[in-house]
Structure formats: C-alpha cells, structure tokens
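This report covers an annotated span, two pockets and one sheet. The sequence and structure come first.

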Amino acid sequence: MKTLVFVALLGVTSVSVQAATCKQLRFSENDIITVRSAIGMGTRIQLPANLISEPATSNNHLWDVEGIVGTNQIVLKPNSSLKEGESTMIYVFTDDGRVIDINASRVAVKANQPCVVLDPSPAFFSKDTKMAIRGFAQQPQFGVNARSESDIARIDQLEKQLDIAKQTNELERKQAIISALKKYRYRIYTRYQWDEGKEFVGRNTISDVYDDGQFTYIRLANPNRGILSVETMIGGKNAIAPTDYFDEYAMYKVTGIYPQFTLRVDEVTLKINRMDNQTKGNL
C-alpha cells in the first residue's frame with residue numbers, strides 16, 4: 001500500500017514539473033531592447049552576431065555587464081539596490097555591422113528574465129500578403145489537380161516576393177557592415193607623441209598609439225616585452241589605468257582616453273602625449 005502511494009505521488013510530481021524557456025525577442029534596426037534583471041539573479045542575452053568589442057555600460061558602477069569579444073553572449077545583473085541603479089543603458093557592437101541598444105531595468109526576483117534571445121529576422125511579407133496566404137491555405141483542397149491557374153500564378157508571385165525580400169535583406173546587411181566600418185575609421189585618432197630617450201631600456205619599444213574615442217591602443221614593436229603598468233592622472237592624482245594585453249597582436253588596450261599617460265618598466269618611464277582633446281567617439 002505504501003509503495004502504491006509513493007508511486008502515485010511521484011507521478012503527480014513529475015506532471016507538475018515544467019522546463020522554462022528563454023524569451024525570443026524579434027527586433028528591427030533602431031529598436032531599443034528592454035530587459036529585466038534582479039539582484040543576485042542576472043540575465044543572459046544571446047546576440048545575433050559576435051562582439052567586436054566589450055559592451056559599453058552607462059551605469060557600470062551599479063551594474064555588472066560582461067561579454068567576451070568573438071562570442072555572441074553577454075551577461076548582466078544589478079549589483080546595488082540604490083535608487084541610482086534602477087536602470088542602465090548597454091551599447092553592443094557586433095561583427096555584422098549592428099549597434100544594439102539595450103535598456104536594462106532592476107526588478108524583483110520573481111520578475112527576473114533569465115535569458116533573452118535576440119532575433120533580427122525581418123518580416124518578409126507585408127500584412128496584406130500574409131492575409132492572402134492565410135486565405136489561400138484555408139480554401140478547401142481536393143488534391144493537387146484542384147489548383148486553378150490563378151492559384152498557381154499567385155503562388156509564383158508570392159515566391160518572387162520572398163526572393164526579392166531575401167535579396168534586399170542581404171544587401172542591407174552588407175551596406176550596414178560597410179557603414180559601421182566607415183564610422184569606426186572616422187573615430188580613429190592617431191596624433192600621439194612620445195620620446196623614448198637614451199635611458200629607456202632598448203629602442204623602438206612602441207610601434208604606434210591610437211584611440212577610438214573609448215579605448216586607447218598601444219602596439220609594441222617588440223612582442224616579447226611586457227609593460228608592467230600604464231599610469232595616468234585622474235582627479236589630480238596618479239592612478240593605474242585598467243588595461244588588457246593581447247599577445248597575438250602585441251597590443252595593450254587601455255580603458256578610456258587620456259591627455260597624457262606613462263608606461264613604466266621597473267624604474268624607467270616613457271611618457272605619451274595626446275596632441276589635443278578632439279574625438280569622434282562616444283566619450
């Protein structure tokens with residue numbers, strides 16, 4: 001008797017268990033994506049293409065946002081219950097030429113969105129075309145021979161519309177990529193000066209320096225040499241600037257742009273100066 005009761009309870013339990021699914025969100029160019037995330041929970045967003053840079057966050061002190069370049073995933077969550085941290089904007093740059101704007105809002109745990117899948121698929125058919133297809137599908141069919149010449153002509157017309165829509169979408173995607181590359185080139189600033197001097201350990205340490213309005217990039221002439229620190233002035237005081245090193249490119253990426261900063265190896269320093277404060281970037 002106890003065995004039967006246990007089996008019955010197990011059956012009831014198995015019926016009540018349901019797997020949750022990620023929310024699929026279709027969007028178009030210039031749409032602002034909205035997501036809800038809770039403290040201690042977080043949200044994963046699947047992008048339609050891979051990242052070409054880390055996401056830029058407007059409220060990065062009160063929100064944790066991460067995304068690895070070359071992948072199509074970002075994760076985010078609020079890290080504070082302060083009023084100033086109720087929301088944030090996240091700007092995502094992908095290798096298909098898109099710039100995706102995401103508005104994230106802090107919510108209670110029960111309203112948290114665990115994951116969102118962004119779908120940029122366009123609506124190939126207009127509203128009238130969809131109604132025509134639906135009406136044709138609902139007509140009584142009595143076999144293949146029941147189709148009239150007008151039905152066949154209508155099908156051919158719809159197939160041609162679909163082909164044209166696909167071709168137009170591919171052309172727009174390519175044009176968006178070209179436009180994004182042009183905009184990025186327009187943002188590049190290269191007027192940096194530096195003097196290695198006689199006392200610097202080794203010559204030809206730096207190959208080139210440039211920025212894109214958000215990050216400063218320092219390419220080393222000798223990939224085997226590592227710079228221990230990049231120092232700058234923040235609030236009138238010396239501070240270590242956050243950096244990432246990409247060994248395959250022998251390049252340092254420094255977060256932010258600065259009028260002057262110092263590369264330090266042991267007791268030897270190398271100062272780099274930005275000639276002016278002009279920028280075409282986001283900062």
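## Annotated helical span

In this predicted model, residues 148–175 are 96% helix and 0% strand, and the C-alpha atoms at the two ends of the span lie 41 Å apart. UniProt lists these residues as "coiled-coil region", in an unreviewed entry. Helix H3 covers 149–187, and H3 also takes part in the pocket described next.

## Largest pocket

The largest pocket has a volume of about 1,400 Å³. It is lined by 43 residues, of which Ile52, Thr94, Gly97, Arg98 and Ala180 are the closest to its centre. By class, the lining of this pocket is made up of 19 nonpolar, 9 polar and 15 charged residues.

Which element gives the most to the lining of the largest pocket? H3 does, with 11 residues. Among the elements that supply at least two residues each are H3 and the strands E8 (99–107), E12 (215–220) and E16 (251–255). Domain 1 (23–121) and domain 2 (192–274) both contribute to the lining, so the largest pocket lies between them.

## Second largest pocket

The second largest pocket has a volume of about 620 Å³. Of its 23 lining residues, Pro55, Ala56, Thr57, Asn60 and Phe215 are the closest to the centre. The lining of the second largest pocket divides into 10 nonpolar, 9 polar and 4 charged residues.

At least two lining residues of the second largest pocket come from each of the strands E4 (56–57), E5 (63–67), E7 (87–93), E8, E15 (243–246) and E16. Why does the second largest pocket lie between domain 1 and domain 2? Both domain 1 (23–121) and domain 2 (192–274) give residues to its lining, so the pocket lies between them. E8 and E16 thus appear in the lining of the second largest pocket and in that of the largest pocket.

## Open sheet

An open sheet is formed by 4 strands in the order E2-E8-E7-E4, with mixed pairing. E2 (32–38) and E4 stand at the edges with a single partner strand each, so one side of each has no neighbour in the sheet. Strands of a sheet pair through backbone hydrogen bonds, either parallel or antiparallel.

E2 and E8 run parallel and are joined by 7 bridges. Thr34 has Asn103, in E8, as its bridge partner. The sheet strands E8, E7 and E4 are also among the strands that supply lining residues to the second largest pocket.

Technical notes
Residues are numbered from 1 along each chain as its sequence is written. This is a predicted model: local features need pLDDT of at least 70, side-chain atom pairs count only at pLDDT 80 or more; totals for chains, interfaces and linings use all residues. Side-chain values use heavy atoms; hydrogens and water are left out. UniProt positions are given in the numbering used here, feature names are shortened, and annotations may be inferred rather than shown by experiment. On a 1 Å grid over the protein atoms alone, a cavity is a set of points where a 1.4 Å probe fits but cannot get out, and a pocket is an open set with protein on both sides within 12 Å along at least five of seven lines; lining residues have an atom within 4 Å of a point. Grid points are joined across faces, edges and corners, and a volume is the space filled by probe spheres set on the points. Ala, Val, Leu, Ile, Met, Phe, Trp, Tyr, Cys and Pro count as nonpolar, Asp, Glu, Lys and Arg as charged, and the others, Gly among them, as polar. Domain bounds come from an automatic or database domain assignment. Two strands pair if DSSP finds at least two bridges between them.
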